[in-house]
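Please work through the exercises below with the sequence and the structure at hand. Each task sentence is followed by a solution in steps.

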Amino acid sequence: MSETQLSTAIEDHALERVPDHARQGWLALSWNTAGIVTSLVQLFLGALVCFVAGYRIALAAGVFVTVVGALLGWACGHVAHRSGLSSTVMSRHFGFGRQGSIISSLIFAFMIIGFLALENALLYKGFLFYFHLSDTLTSRIVIYGLLSLAWVLLTAYGFALVARVSSITLVAFLAVLAYITYVVVSAAAHPGAELLGFGSQFPPQALQAMGATTPMGKFVFCVNVLIGSAGALALVDADLGRYARSSRDIGVAALIGNVMMDIVMLSLGGIIMYAGIPALIDFYMHTDGMTRQAAAQAALHSPDSITAAFIVFGGALGALLMVLAQSKAQVLNTYSASLSLSNLFDAFGWRPGRLSFVILGNVIGLLMLYGRILALVNSWITMLGVLTTAFAGVIVVDYFLVRRLVGAGRADAFERVESVNWAGVCTVVASVLLSHYVLNRYVPVEFFSTLVLCLLLYPALRLTVFRPVAVLGGARGLS
């Protein structure tokens, strides 16, 4: 590889249109959309919703979220395919403006780097558990340092290497997961019909506290848990969709990603934990001296417990599954983080290159682990999901609706990059505040109220109060 080719691979068209010759088909894109969601966190969420609502209600919610998430992912991916730009760069042209895209970059970067930090913490605790290590400063420096170095090296050379890493690790992960599923299910005393039809496993008091006492209440709970990541995944679909050869390619990839997240991971997480929970409870009782009730509560207390579960069930293979699951997700998290940071700092006039932001993203992730920022990500995870949904919603409404309403005579103004598109900025702020603080008592699924508000507010503001301003130097041909 020549120096020019190496430089191009590292930069990976972070701030420019992906050329036609670099475009990929649906399979190359799907390795990534499926890879980022097949993680231990998603297995934990699958087990959680199945244990709260029962398998059938949880699966129905998963199918519903799959359809909604795939449509939003295709819509964002289609805009990225046509423009050839990443999610945050295309927000300059669709909905936010050059400086306005700072807001979208901050939202997405904070969320994706937060996930990078959370997944690192999960891996770290898994290594401590498997190797029986103490949580010391030396352990943190060595493990977190090696993990961050691996993510930087695997992400530095752009989309081609990211896709290759994701394809290899995804196949290996699914193979190991299938084996562990077989081992756990075959050792369990439950018949197949029971594994595919078990009901709620939490006591009535816990279900009442979650508002999940009726079938509809359980369904809404599951949708709220699962759909929070739909907005973020749609933006990842855009980051990958800029490499799509056609709209169909990114549509298929978005569908596969959502199927893997909300059907496959949900089903396997629920079935494995239901079949293996007796063995896990016995392990906690004999190893940690817990009572049966305390051990049962610990089994689904946090994503850490699913890491422990797979190590208990699979030993070395369980530890391998943990590494495979998290490594591909971390490479893709780092990749999207580098793109959002590239746009963020370019809006301020600083462009050192994407590799600098690959490193910076990992440094910020490490800082989150040692401050209160990681706790903030955890406590604001629902709000961050609403924010990313609003971000994606404005882009989609601008591209598919507003541009058609203005007609050919004024469409040219939309193809020029404004400094700030205040209609988009105000829509995000208003829709998030209203859906999260005002309408949540009437529409418990904030994802939907946010999208509806974007659909209503953005066209109204963009076509009346904040009309497009023609600014020279815009990018033509992006629509």
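The exercises that follow concern burial, contacts and helix packing in a predicted model.

**Exercise 1. Which residues of helix α14 are buried, and which exposed residues does the face turned away from them carry?**

Step 1. Helix α14 spans residues 292–299, and its buried residues are Ala 295, Ala 298 and Ala 299.

Step 2. These buried residues cover an arc of only 105° around the axis, so they lie on the same side of α14.

Step 3. On the face turned away from that buried side, α14 carries the exposed residues Gln 293 and Gln 297.

**Exercise 2. Determine how many residues of helix α5 are buried, and describe phi of the residue that follows the helix.**

Step 1. Helix α5 comprises residues 87–96 and is mostly covered, with 10 of its 10 residues buried.

Step 2. Among the buried residues of α5 are Arg 92 and His 93, as well as Ser 87, Thr 88 and Ser 91. The list also includes Val 89, Met 90, Phe 94 and Phe 96.

Step 3. Gly 97 follows α5 and has a positive phi, near 85°.

**Exercise 3. Find the value near which phi of His 132 lies, and decide whether this residue is buried or exposed.**

Step 1. His 132 belongs to the loop between α6 and α7 (137–155).

Step 2. Its phi is near 60°, a positive value in a residue other than glycine. Most residues other than glycine have a negative phi.

Step 3. The relative accessibility of His 132 is 72%; exposure requires a value over 50%, and His 132 therefore counts as exposed.

**Exercise 4. Characterise the packing of helix α6 against helix α12 by angle, axis distance and class of contact residue.**

Step 1. Helix α6 (residues 101–131) and helix α12 (residues 230–241) pack with their axes 11 Å apart, at an angle of about 100°.

Step 2. Angles of 65 to 115 degrees count as roughly perpendicular, so α6 is roughly perpendicular to α12.

Step 3. On the α6 side, the contact is made by Phe 108, Met 111 and Ile 112; α12 contributes Ala 232, Leu 235, Val 236 and Asp 239.

Step 4. Sorted by class, the contact of α6 with α12 has six nonpolar residues, no polar residues and one charged residue.

**Exercise 5. Identify the residues that Phe 391 and Thr 389 of helix α19 touch, leaving out residues up to four places away in sequence.**

Step 1. Thr 389 is found in helix α19 (residues 381–414), and Phe 391 is placed in α19 as well.

Step 2. Thr 389 counts as buried because its relative accessibility is 1%. Phe 391 counts as buried at 0%.

Step 3. Thr 389 touches Gly 231, Phe 447, Thr 450 and Leu 451. Thr 389 and Ala 230 are 159 residues apart in sequence, yet 7.5 Å apart in space, C-alpha to C-alpha.

Step 4. Phe 391 touches Ser 87, Thr 88, Ser 91, Phe 96, Ser 104, Phe 108, Leu 235 and Val 428. Of these, Phe 108 and Leu 235 also take part in the contact of α6 with α12.

Step 5. The C-alpha atoms of Phe 391 and Ile 107 are separated by 8.4 Å, although their positions lie 284 residues apart along the chain.**Exercise 6. Which residues have the most contacts inside the largest nonpolar core, and which residues are in contact with Leu 40?**

Step 1. The largest nonpolar core has 145 residues, and those with the most contacts inside it are Leu 40, Met 273 and Phe 310.

Step 2. With neighbours within four places in sequence left aside, Leu 40 is in contact with Leu 122, Ile 306, Thr 307, Phe 310, Leu 321, Met 322, Ala 325 and Gln 326.

Step 3. One of these partners, Ala 325, lies in helix α16 (residues 316–346). Ala 325 is buried, with a relative accessible area of 0%.

Step 4. With the same neighbours left aside, Ala 325 is in contact with Thr 38, Ser 39, Leu 40 and Phe 173.

**Exercise 7. Decide whether Leu 29 and Arg 242 are buried or exposed, and name residues in contact with each.**

Step 1. Leu 29 lies in helix α2 (residues 26–35), whereas Arg 242 is found in the loop between α12 and α13 (247–288).

Step 2. Leu 29 counts as buried at 0% relative accessibility. Arg 242 counts as buried at 0% relative accessibility.

Step 3. Not counting residues up to four places away in sequence, Leu 29 touches residues including Phe 159, Leu 240, Tyr 243 and Ile 250.

Step 4. Leaving aside neighbours within four places in sequence, Arg 242 is in contact with residues including Asp 12, His 13, Arg 23, His 81 and Tyr 335.

Conventions:
Residues are numbered from 1 along each chain as its sequence is written. This is a predicted model: local features need pLDDT of at least 70, side-chain atom pairs count only at pLDDT 80 or more; totals for chains, interfaces and linings use all residues. Side-chain values use heavy atoms; hydrogens and water are left out. Buried means under 20% relative accessible area, exposed over 50%, partly exposed in between (1.4 Å probe, protein chains only). Helices (H or I, at least four residues) and strands (E, at least two) are DSSP runs, numbered from the N terminus. The arc is that of the directions from the helix axis to the C-beta atoms. Contact means heavy atoms within 4.5 Å. A nonpolar core is a set of buried Ala, Val, Leu, Ile, Met, Phe, Trp, Tyr and Cys residues joined through side-chain atoms within 4.5 Å. Axes are lines fitted to C-alpha atoms, for helices over the stretch in contact, and angles run from 0 to 180 degrees between N-to-C directions. Angles under 35 degrees count as roughly parallel, over 145 as roughly antiparallel, 65 to 115 as roughly perpendicular and the rest as oblique. Ala, Val, Leu, Ile, Met, Phe, Trp, Tyr, Cys and Pro count as nonpolar, Asp, Glu, Lys and Arg as charged, and the others, Gly among them, as polar.
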